[in-house]
Amino acid sequence: MMEKATWLMERLRTPVTMRDLQEEWRYDPMNNFPGKTFDKKTFENWRNYLAAQFGVEVEMGRFAGRNTRYCLKTAPGAGNARKWLLNTVSIQNTLRENLAIRDRILLEDIPSSGDALKTVLDGIRQNRLISFDYEDYWEDPLTVTMRPYFVKLYRQHWKVIGPLEDGKIDSIRSYALDADRMKNLKVLDEKFVYPEDFRPEDFMADCIGTSTFPTKAAKPKEVIILAWEKVNLYLKHTPLHSSQRTLYDCPEDGYSIFSYRLHTTDDFYQEVCRYGNYMEVLYPKDVRAEMMKIIRGMENEYAGVSREDCKKKVPGVKELKELMKDAEY
């Protein structure tokens, strides 16, 4: 039902008559009975499903009879979760319709988190504590008991975010639902009270990614960044953060200057580093100094200054190229 209902939703983004809908469905790949179309009762079932599951209503235009046009009354996706779900199902429908060329559609591999996500959502829905063993990439393994407040998807990784067992706001942590890091996950019998005044979107509003607390400051900072050439055009269409504002534009020289109000977390610095020398932090001084420290660290790494003693043990390029011959790809 979901796939067929979202097929209908896609077609109703612009007003369309019932006859046009029926004709399009007649030979659609999703139609299990090619040549036959749906009746009004089926249409009403799909319509009711959209309203019940997604809060998307279908309304009739002012025309009557054969020229009556149907369209969506509300824009699909009032909330992020609903929008993501609708877009996901829509993409699934598109891929299903194009199975004949599936070898020409390349998808990104993502860490497995399906079972963990379901378990965590059970804990969120029931307001119950969850526990798991966690093996981070740069810290010792630990056993965690926490209150799962919400989940967030970032860079193809699902994260569960919430305070530890004590429920204190300053103990809020973020953990990836990747199968290689989170093990022995279970929902406990102990319940917790989810604070009525807590809003996940508000809590994460000043952050990039899933870092829950800033590394240097307790409050969001005013940050000014200069972006060159294609990056500045990209940022105009895909902002680095929702607080992004254009302060100055110089198209003749190919740069723009943007302002932000956000936490300068590790995720922030990693995001800036992604753009290399096409992005420069102008303000504040401490954030600019931190970026220079990161850049000098990278320079020292390539110059062989960093971890000098360890690098003496690193195989040479000639030896590594020999190892490559036996490597499996």
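# Notebook: a walk through a predicted chain

**Phe198 and its rings.** I looked up Phe198, and Phe198 is buried, with a relative accessible area of 8%. The cut-off for buried is under 20%, so Phe198 falls within it. I am working from a predicted model. I then searched the whole structure for aromatic pairs and got 18. In one of them, the ring centres of Phe198 and Phe203 are 5.5 Å apart and the planes meet at 40°, so I noted the pair as tilted. Tilted covers what is neither under 30 degrees nor over 60, so 40° fits. Phe198 and Phe203 also belong to one aromatic cluster with Tyr149, Phe150, Phe192 and Tyr194.

**Whole chain.** I wanted an overview next. The chain has 329 residues, and 35% of them count as buried. I listed 11 helices and 13 strands. The exposed area is about 21,700 Å², with 51% of it from carbon and sulfur atoms. I also checked contacts between residues at least 6 apart in sequence: 59% of these join residues at least 24 apart.

**Confidence.** How far can I trust the coordinates? The mean pLDDT of the chain is 84, and 87% of the residues score at least 70. Which elements have the lowest and the highest mean pLDDT? Helix α4 (residues 80–97) is lowest at 67, and strand β4 (residues 128–134) is highest at 96. Where pLDDT is low, the predicted coordinates should not be read in detail. I leave the details of that helix alone.

**Nonpolar cores.** In soluble globular proteins, nonpolar side chains tend to be buried together. I looked for that here. The largest nonpolar core has 20 residues, and Trp7, Leu8, Leu12, Leu21, Phe38 and Phe43 touch the most other members. At least two residues of this core come from each of α1 (2–11), α2 (18–26), α3 (40–54) and β3 (69–72). Helix α3 gives the largest share, 5 residues. I picked Leu21 for a closer look. Not counting residues up to four places away in sequence, Leu21 touches Trp7, Leu8, Arg11, Leu12, Val16, Phe38 and Phe43. Another core lies apart from this one, with 19 residues, including Ala227, Tyr275, Val281 and Met291.

**A sheet of three strands.** I found an open sheet in the order β1-β3-β2, with antiparallel pairing. β1 (16–17) and β2 (58–60) are the edge strands with a single partner strand each, so one side of each has no neighbour in the sheet. Between β2 and β3 I counted 3 bridges, in the antiparallel sense. Which residue of β3 is the bridge partner of Met60? Tyr70 is the partner.

**Two hairpins.** I compared notes on two hairpins.

- β6 (residues 150–154) and β7 (residues 157–162) run antiparallel and are joined by 5 bridges. Val151 has Val160 in β7 as its bridge partner. The hairpin has 2 residues between its strands, and Arg155 in the turn has a positive phi of about 50°.
- β11 (residues 245–250) and β12 (residues 255–262) also run antiparallel, joined by 5 bridges. Cys250 stands opposite Tyr255 in β12. This hairpin has 4 residues between its strands, and Gly254 in the turn has a positive phi of about 75°.

**Thr145.** This residue sits in strand β5 (residues 142–146). Is Thr145 buried, partly exposed or exposed? Thr145 is partly exposed, at a relative accessible area of 23%. Outside its neighbours within four places in sequence, Thr145 is in contact with Leu129, Ile130, Ser131, Leu164, Glu165 and Leu188. I also took the C-alpha to C-alpha distance from Thr145 to Asp133: 9.0 Å, for residues 12 apart in sequence.

**Backbone oddments.** I ended with the backbone angles. The peptide bond from Tyr283 to Pro284 is cis, with omega near 5°. Pro284 lies in the loop between β13 (279–283) and α9 (285–303). Asn127 has a positive phi, near 55°, and is a residue other than glycine. Asn127 is in the loop between α5 (114–126) and β4. Asn127 is partly exposed, with a relative accessible area of 25%. Glu229 has a positive phi too, near 45°. Glu229 belongs to helix α7 (residues 229–237). At 46% relative accessibility, Glu229 counts as partly exposed.

Key. Residues are numbered from 1 along each chain as its sequence is written. This is a predicted model: local features need pLDDT of at least 70, side-chain atom pairs count only at pLDDT 80 or more; totals for chains, interfaces and linings use all residues. Side-chain values use heavy atoms; hydrogens and water are left out. Rings of Phe, Tyr and Trp (its six-membered ring) pair if their centres lie within 6.5 Å; planes under 30 degrees apart count as stacked, over 60 as edge-to-face and the rest as tilted. Buried means under 20% relative accessible area, exposed over 50%, partly exposed in between (1.4 Å probe, protein chains only). A nonpolar core is a set of buried Ala, Val, Leu, Ile, Met, Phe, Trp, Tyr and Cys residues joined through side-chain atoms within 4.5 Å. Contact means heavy atoms within 4.5 Å. Accessible areas come from the Shrake-Rupley method with a 1.4 Å probe; for residues, only the protein chains shown count as cover. Two strands pair if DSSP finds at least two bridges between them. pLDDT is the predictor's confidence in each residue, from 0 to 100.
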